[in-house]
2 protein chains.
Amino acid sequence: LSVIDVHTHIVPENFPAAPSPSCAPRWPTMVHKPEKKASVMIGGKEFRLVDHRCWECTRRVADMDEGEIAMQVLSPMPELLSYWLTAEDARAMAKHINGTIAELIAASPARFAGLGMVPMQDPELAAKDLAAIRHEYGFRGIEIGSNINGKVPGDPIFDPFWAEAERLGLAVFVHALHPVATDRMVGPAVLPTFIGFPIDTGLAAASIITSGLLTRFPNLRIAFSHGGGILASILPRLANGWRITPSLGQAFADPYATARRFYYDNLVFDQATVRHLMGLFGASQIFVGSDYPFAAGEPHPTRFTRELGLDAADWDAMRSGNAERFLGLVR
Amino acid sequence: LSVIDVHTHIVPENFPAAPSPSCAPRWPTMVHKPEKKASVMIGGKEFRLVDHRCWECTRRVADMDEGEIAMQVLSPMPELLSYWLTAEDARAMAKHINGTIAELIAASPARFAGLGMVPMQDPELAAKDLAAIRHEYGFRGIEIGSNINGKVPGDPIFDPFWAEAERLGLAVFVHALHPVATDRMVGPAVLPTFIGFPIDTGLAAASIITSGLLTRFPNLRIAFSHGGGILASILPRLANGWRITPSLGQAFADPYATARRFYYDNLVFDQATVRHLMGLFGASQIFVGSDYPFAAGEPHPTRFTRELGLDAADWDAMRSGNAERFLGLVR
């Protein structure tokens with residue numbers, strides 16, 4: 001067992017009561033069903049049918065043993081990030097979710113690490129709550145959405161959050177959430193998951209490049225879900241624009257150089273694409289991610305990664321070394 | 001001279017008077033300047049500073065000779081597509097632009113081919129005007145925007161247009177235009193050109209995949225600017241979603257199979273990306289494009305393509321064979 005799967009999610013077995021009447025329409029509840037399944041209900045509708053893999057330590061560890069996964073990094077199912085609630089209500093959710101992640105880690109500390117959540121809709125409060133992420137929960141970092149109620153993470157309003165994440169040495173995993181441009185997708189209602197997620201993730205990454213965030217906070221460790229989404233398709237054109245357009249050259253650093261400081265998971269469902277990302281972003285920046293236990297994920301992340309046929313150094317980097325650097329697990 | 005550059009633009013030397021008072025605020029005018037430069041003015045502001053390469057046959061041909069370009073395919077500067085005017089006003093613009101392209105071709109018929117424009121904001125009228133594109137102007141096809149006032153080309157409202165394009169055997173070149181999600185870009189005002197163009201182009205391509213357009217009209221020949229933009233980053237995830245989600249499998253055909261029926265230019269500013277697109281979309285589907293004469297283009301398309309180091313068959317395909325198939329220049 002040698003693989004660290006950085007992109008896995010949890011859902012708690014139950015939710016507390018809604019902390020305020022105003023948030024009740026968007027506060028999740030759990031309806032348990034036979035065979036350890038459960039419906040996450042939001043606003044009277046099933047948001048997602050999940051099962052005990054979302055919250056049960058023994059089942060997760062058994063799956064990890066079978067899938068040759070040494071460690072899963074646990075982060076909230078993104079819909080639980082609760083940016084659309086008041087910051088105080090989101091804080092109540094964060095307390096419950098961070099507690100759930102902490103319990104899973106406590107049950108099997110050698111096999112799990114945690115990425116918690118904070119109320120990003122209030123950047124000052126989010127910054128304040130990061131200390132507990134580090135010192136109370138002992139997590140390696142946090143997960144944030146690719147947008148926070150439509151604001152990209154590179155927006156300067158989030159600088160207080162980024163400053164504190166850097167100061168505390170917390171890793172930040174940016175995950176697709178409520179994607180943009182859904183009115184440009186023609187077809188079944190699930191399309192935003194497949195078309196919109198990569199767009200939103202790539203826009204988040206581009207915003208961090210063009211806002212010069214890593215110039216202001218050079219020690220941040222930031223990773224992007226789904227291989228950075230569309231960043232790979234944008235980067236060469238953006239870098240060319242940066243080279244030929246004085247206003248861009250003055251506003252931010254070489255996009256290639258910044259992109260090569262980010263981390264990315266390899267959850268892109270195509271080996272040629274992973275190899276392309278290794279060339280574009282660097283073999284030192286890509287780690288394993290599966291979206292476990294959700295259906296839209298990679299069911300065999302170790303096999304998928306092994307079948308890339310990497311040489312020993314690149315295999316070691318992708319299977320665990322890059323994740324360890326991102327998570328701050330190396331000395 | 002053996003290269004066909006499919007992605008080049010024209011701007012006429014002058015514009016006629018606005019055909020209606022209502023369109024005047026968005027109708028372009030030309031202010032000529034020293035050294036054969038000119039400002040395209042829209043709404044009292046300079047939209048773009050251009051020069052005589054936009055309209056002058058002899059200068060274009062001299063540049064083509066120097067750049068080892070056998071043929072340029074001429075299409076409107078996308079801002080001239082005029083979808084935001086009334087269909088009748090856009091028709092007046094189309095008449096002027098199509099006439100300008102036809103004059104350039106007439107001046108050097110061995111060196112130019114044309115992609116005209118029709119008023120896509122009225123799909124029935126656009127369909128009706130395609131006959132003149134083919135028979136009056138003798139063009140190989142038309143250029144359309146990646147969105148038409150926010151509607152993607154895969155939207156079924158455009159079926160009358162696509163049906164007629166197929167019937168007439170006209171090639172359709174989809175070019176980025178007024179991109180989506182500009183509020184998610186942090187930085188100088190030019191960023192949408194570099195970040196938004198690939199997004200909009202990829203969304204257009206995805207919409208054609210997910211609407212099943214090529215199932216309804218299997219003989220269409222459709223190409224996308226800028227290497228299809230973000231389609232390369234979306235396709236593997238969309239194809240995986242299609243494979244595991246019954247509603248998607250029922251709604252449209254294998255996304256890979258459809259993507260491999262589209263054509264793409266190689267205007268992506270990165271050789272590794274071109275090679276990646278060749279693997280993803282097929283070496284038979286990618287041709288040369290430069291954005292001549294605009295600043296955000298590839299100044300040396302022949303050299304860029306030659307330096308890919310393709311074998312003889314792939315070089316022949318990319319330099320001209322794929323373009324000839326797209327344009328219907330082969331028997």
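## A tour from Arg237(B) to the A–B interface

Start by selecting Arg237(B), which sits in helix H7 of chain B, residues 231-244. Keep in mind that this is a predicted model.

**Stop 1: around Arg237(B).** Show the side chain. Is Arg237(B) in a salt bridge, or without one? Arg237(B) is buried and has no salt bridge. Look for the nearest side chain of opposite charge: that is Asp291(A), 5.0 Å away. The pair is not counted because a salt bridge needs a side-chain nitrogen of Lys or Arg within 4 Å of a carboxyl oxygen of Asp or Glu.

What does the side chain of Arg237(B) reach at 3.0 Å? Select Thr193(A): the backbone oxygen of this residue is the partner. Now add the other contacts of Arg237(B), leaving aside neighbours within four places in sequence. Phe194(A), Phe197(A) and Pro198(A) are among them. So are His226(A), Val268(A), Phe269(A) and Ala296(A).

**Stop 2: the whole interface.** Zoom out and colour by chain. Here 54 residues of chain A are in contact with 54 residues of chain B. The two chains bury about 4,300 Å² between them, and 68% of that lies on carbon and sulfur atoms. Which residues of chain A lose the most area to chain B? Select Arg184(A), Phe194(A) and Arg237(A); together they make up 22% of what that side buries.

**Stop 3: charges and polar pairs.** Across this interface the rule finds two salt bridges. For one salt bridge, select Arg184(A) and Asp200(B), whose side chains meet at 3.4 Å, N to O. The rule also finds 11 residue pairs in polar contact across the interface, both residues at pLDDT 80 or more.

Next, highlight four helices of chain A: H5 (191-210), H7 (231-244), H8 (246-251) and H10 (271-281). Each supplies at least two residues of the side that touches chain B. H5(A) gives the most, with 12 residues. By class, that side of chain A has 32 nonpolar, 17 polar and five charged residues.

**Stop 4: helix H4 of chain B.** Select residues 159-168 of chain B. Which residues of this helix are buried? They are Asp159(B), Phe161(B), Trp162(B), Glu164(B), Ala165(B) and Leu168(B). An α-helix has 3.6 residues a turn, so residues three or four places apart point the same way.

Now show what these buried residues pack against, in chain B. The helices are H3 (123-135), H5 (191-210) and H6 (213-216). The strands are E7 (141-145), E8 (171-175) and E9 (221-224). Finish at Gly169(B), which follows H4(B) and has a positive phi, near 70°.

Technical notes: Residues numbered from 1 in each chain as written. Chains lettered and ligands numbered in written order. Heavy atoms only, no water. Buried < 20%, exposed > 50% of the residue type's maximum accessible area, 1.4 Å probe, protein only. Contact = heavy atoms within 4.5 Å. Lys, Arg positive; Asp, Glu negative; His and termini not counted. Polar contact = N/O pair within 3.5 Å; in protein donor to acceptor, adjacent residues only side chain to side chain. Buried area = accessible area lost by both parts, 1.4 Å probe. Nonpolar A, V, L, I, M, F, W, Y, C, P; charged D, E, K, R; others polar.
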